[in-house]
Amino acid sequence: MATGRTHRPATRGRGIPEATVARLPLYLRALTALSERSVPTVSSEELAAAAGVNSAKLRKDFSYLGSYGTRGVGYDVEYLVYQISRELGLTQDWPVVIVGIGNLGAALANYGGFASRGFRVAALIDADPAMAGKPVAGIPVQHTDELEKIIKDNGVSIGVIATPAGAAQQVCDRLVAAGVTSILNFAPTVLSVPDGVDVRKVDLSIELQILAFHEQRKAGEEATPDGGAPAAAARRTTADKGPDGDVPAVMPA
């Protein structure tokens, strides 16, 4: 993947802002799509539009990488793919374990994007003895009794939790005790971890509730011409009824 150019690791000493780090995968996804179409160069405006940010922010982000485009030419796509991949640590193999192989865990195991981005699913782990040995995405599920041994044998530092909320903290504690220092949490609960352990939370219900908020705001702006209640309110009078009466305005998580 290397291009033979010299990379100036200007960010090593001063660090990259977290907001910039969060945008690097967006740039990489857009650049990868360009690379697959054999596009050699891209302007900051074109790349910013593809990544969903403004061009001034993109240029500032890339300055932390020590990467500057050529006026009138733009950025070298292949070099930026390499540069961002290296900054994100994607030029090496990262073994990952997924704990909790229910519907969500199985879907994650079958997700092809892990391998293409440098993440190898080293093991699938579940507490249900009936799941032991069952292949999911071509990988046999192993029981949680083997968790610590699996992490040690595979040198795992990243764990994915897809268990029910009630089991997530105990699983998290075991992962951390076994040496995992980064956790992607899909369980609908907040995890408590010691310093030095990074947790990223993915809560689909929260994202849907945020979208519902925006939908409600948009519906509220669609007032009737005579100044009455929004048309959406009339639609809800029957839709919000259930077998036990009114549905609460905010459903519990």
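Ile125 stands opposite Gln142, a residue of strand 6, and this pair is a useful place to enter the structure, which is a predicted model. Strand 4 (119-126) and strand 6 (139-143) pair in the parallel sense, with 3 bridges between them.

**The sheet**

These two strands belong to an open sheet of 7 strands, arranged in the order 5-6-4-3-7-8-9 with mixed pairing. Strand 5 (135-136) and strand 9 (198-201) stand at the edges and have a single partner strand each, so one side of each is left without a neighbour in the sheet. At one of these edges, strand 5 and strand 6 form a hairpin with 2 residues between them, and Ala137 in the turn has a positive phi of about 55 degrees. Val136 has Ile139 in strand 6 as its bridge partner, while Leu184 is bridged to Arg200 in strand 9. The table sets out three of the strand pairings.

| Strand pair | Sense | Bridges |
|---|---|---|
| Strand 4 and strand 6 | parallel | 3 bridges |
| Strand 5 and strand 6 | antiparallel | 2 bridges |
| Strand 8 and strand 9 | parallel | 4 bridges |

Helices also pack on this sheet. Helix 8 (residues 147-154) touches strand 3 (94-99), strand 4 and strand 6, and its direction makes about 165 degrees with that of strand 4. Helix 9 (residues 165-177) touches strand 3, strand 7 (158-161) and strand 8, and its direction makes about 170 degrees with that of strand 7.

**Two helices in contact**

Helix 2 (residues 18-36) and helix 5 (residues 77-87) have axes that come within 9 Å and cross at roughly 145 degrees, and the crossing is left-handed. On the side of helix 2 the contact includes Leu24, Tyr27 and Leu28, and on the side of helix 5 it includes Val77, Leu80 and Val81. The residues of this contact divide into 9 nonpolar, 3 polar and 2 charged.

**The largest pocket**

The largest pocket holds about 1,700 Å³ of space. Of the 37 residues that line this pocket, Pro25, Leu88, Leu90, Phe119 and Arg200 are the closest to its centre; Arg200 is also the bridge partner of Leu184. Which element gives the most to the lining of the largest pocket? Helix 2 does, with 9 residues, and among the other elements that each supply at least two residues are helix 5, helix 7 (113-116), strand 3 and strand 9. By class, the lining has 22 nonpolar, 7 polar and 8 charged residues.

Notes:
Residues numbered from 1 in each chain as written. Predicted model: local features only at pLDDT ≥ 70, side-chain atom pairs only at ≥ 80, totals over all residues. Heavy atoms only, no water. Axes fitted to C-alpha atoms, helices over the stretch in contact; angles between N-to-C directions. Left-handed = near helix turned anticlockwise from the far one by under 90°. Contact = heavy atoms within 4.5 Å. Nonpolar A, V, L, I, M, F, W, Y, C, P; charged D, E, K, R; others polar. Pairing = 2+ DSSP bridges. 1 Å grid on protein atoms, 1.4 Å probe; cavity = no way out; pocket = protein on both sides within 12 Å on 5 of 7 lines; lining within 4 Å. Points joined across faces, edges and corners; volume = space filled by probe spheres on them.
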